Amino acid sequence: GVLEYLIWSTDGTDAGTTVADPSRVFIQPTNLLASGNKLFYVSDATGVGRTLWVTDGTTPGTERLPLTGTAGGGSNVGPIVKLGSTLYFSANLEPTIRREVWKSDGTPEGTLLVRDLTPGINSSNPRELTDVNGTLYFIADFNPLGRDSQTRLYRSDGTPEGTIELL
């Protein structure tokens, strides 16, 4: 069967331990990452795939962060890395954008595609997202014609123009 979880918040005491949002049951939350007073995580609680969520430990402060420009919210969010106050992750937005790098400032409006490295039906499949002294590095596949993929190294400052191939 499917394991279901609740997200809990605690101040370390019995009285201060509560369910963040008792109305939502999450399916195998992963990639938990604290930023400020918020917890970000990936889970399927809506039936639209594994999406990015944020909570401040309260019911009104628990929300899905849909990928901007979508009603469904995206799917299959990958590992999350934090650079400063920005989160970076890979996700796909079927059928328009395959797996690419996204970023979030923790708000629905601030959750955006960084750059579509392989526009069209192919995916760059970014992975190994890594913070090196405040700069995002990752590897991705280069296959613009859908032929044999070549793995390339990229650096990004979080903008389309600042996301460049290195090798």
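In the predicted model, Arg152 is placed in strand E14, which spans residues 150-156. With a relative accessible area of 16%, Arg152 falls under the 20% limit and is therefore classed as buried. When neighbours within four places in sequence are set aside, the residues in contact with Arg152 are Phe138, Ile139, Ala140, Phe142, Glu165 and Leu167. One of these contacts is polar: the side chains of Arg152 and Glu165 approach to 2.8 Å.

The pairing of Arg152 with Glu165 also qualifies as a salt bridge, the closest N and O atoms lying 2.8 Å apart. Glu165 belongs to strand E15 (residues 163-165) and Arg152 to strand E14, and the pair thus links distant parts of the chain, 13 residues apart. The two partners are covered to unlike extents, since Glu165 is partly exposed at a relative accessible area of 38%, whereas Arg152 is buried at 16%.

In the whole structure, 2 salt bridges are found. Besides the Glu165 and Arg152 pair, a salt bridge joins the side chains of Asp141 and Arg127, with an N to O distance of 2.9 Å. Because Asp141 is located in strand E13 (residues 135-142) and Arg127 in strand E12 (residues 127-132), this pair ties together parts that are 14 residues apart in sequence. Asp141 is buried, its relative accessible area being 12%. Arg127, by contrast, is partly exposed, with a value of 26%.

The loop between E14 and E15 contains Gly158. This glycine has a relative accessibility of 3% and so counts as buried. Residues up to four places away in sequence being excluded, Gly158 touches Tyr88, Lys103 and Val114. The C-alpha atom of Gly158 is separated by 8.5 Å from that of Arg115, although the two residues are 43 positions apart along the chain.

Turning to sheet organisation, 5 strands make up an open sheet in the order E1-E4-E5-E6-E7, with antiparallel pairing. Strand E1 (4-5) and strand E7 (63-64) occupy the edges; each has a single partner strand, so one side of each is left without a neighbour in the sheet. In a regular strand, side chains alternate between the two faces of the sheet.

The pairing of E1 with strand E4 (residues 26-35) is antiparallel and comprises 2 bridges. Within this pairing, Glu4 stands opposite Ile27 of E4, and Tyr5 has Phe26 of E4 as its bridge partner. Strand E4 is in turn joined to strand E5 (residues 38-44) by 5 bridges, the two strands running antiparallel. Leu33 is positioned opposite Phe40 of E5. E4 and E5 constitute a hairpin with 2 residues between them, and in its turn Gly36 adopts a positive phi of about 60 degrees.

Leu6 is found in the loop between E1 and strand E2 (8-9). Its relative accessible area of 34% lies between the limits of 20% and 50%, and Leu6 is therefore partly exposed. Together with Trp8 and Val25, Leu6 contributes to a nonpolar patch on the surface, for which the combined accessible area is about 290 Å².

Considered as a whole, the protein chain contains 15 strands and 0 helices. Of its 167 residues, 40% count as buried; Asp141, Arg152 and Gly158 are among the buried residues. The accessible surface of the protein chain amounts to about 8,700 Å², of which carbon and sulfur atoms supply 53%. Among contacts in the protein chain with a separation of 6 or more, 32% are between residues 24 or more positions apart.

Note on methods
Residues are numbered from 1 along each chain as its sequence is written. This is a predicted model: local features need pLDDT of at least 70, side-chain atom pairs count only at pLDDT 80 or more; totals for chains, interfaces and linings use all residues. Side-chain values use heavy atoms; hydrogens and water are left out. Helices (H or I, at least four residues) and strands (E, at least two) are DSSP runs, numbered from the N terminus. Buried means under 20% relative accessible area, exposed over 50%, partly exposed in between (1.4 Å probe, protein chains only). A polar contact is a pair of N or O atoms within 3.5 Å; within protein, one must be able to donate a hydrogen and the other to accept it, and residues adjacent in sequence count only if both atoms are side-chain atoms. Contact means heavy atoms within 4.5 Å. Two strands pair if DSSP finds at least two bridges between them. Patches are made of residues with over 30% relative accessible area and no salt bridge: like charges are joined within 9 Å, nonpolar side chains (Val, Leu, Ile, Met, Phe, Trp, Tyr) within 5 Å. Accessible areas come from the Shrake-Rupley method with a 1.4 Å probe; for residues, only the protein chains shown count as cover. A salt bridge is a side-chain nitrogen of Lys or Arg within 4 Å of a carboxyl oxygen of Asp or Glu.
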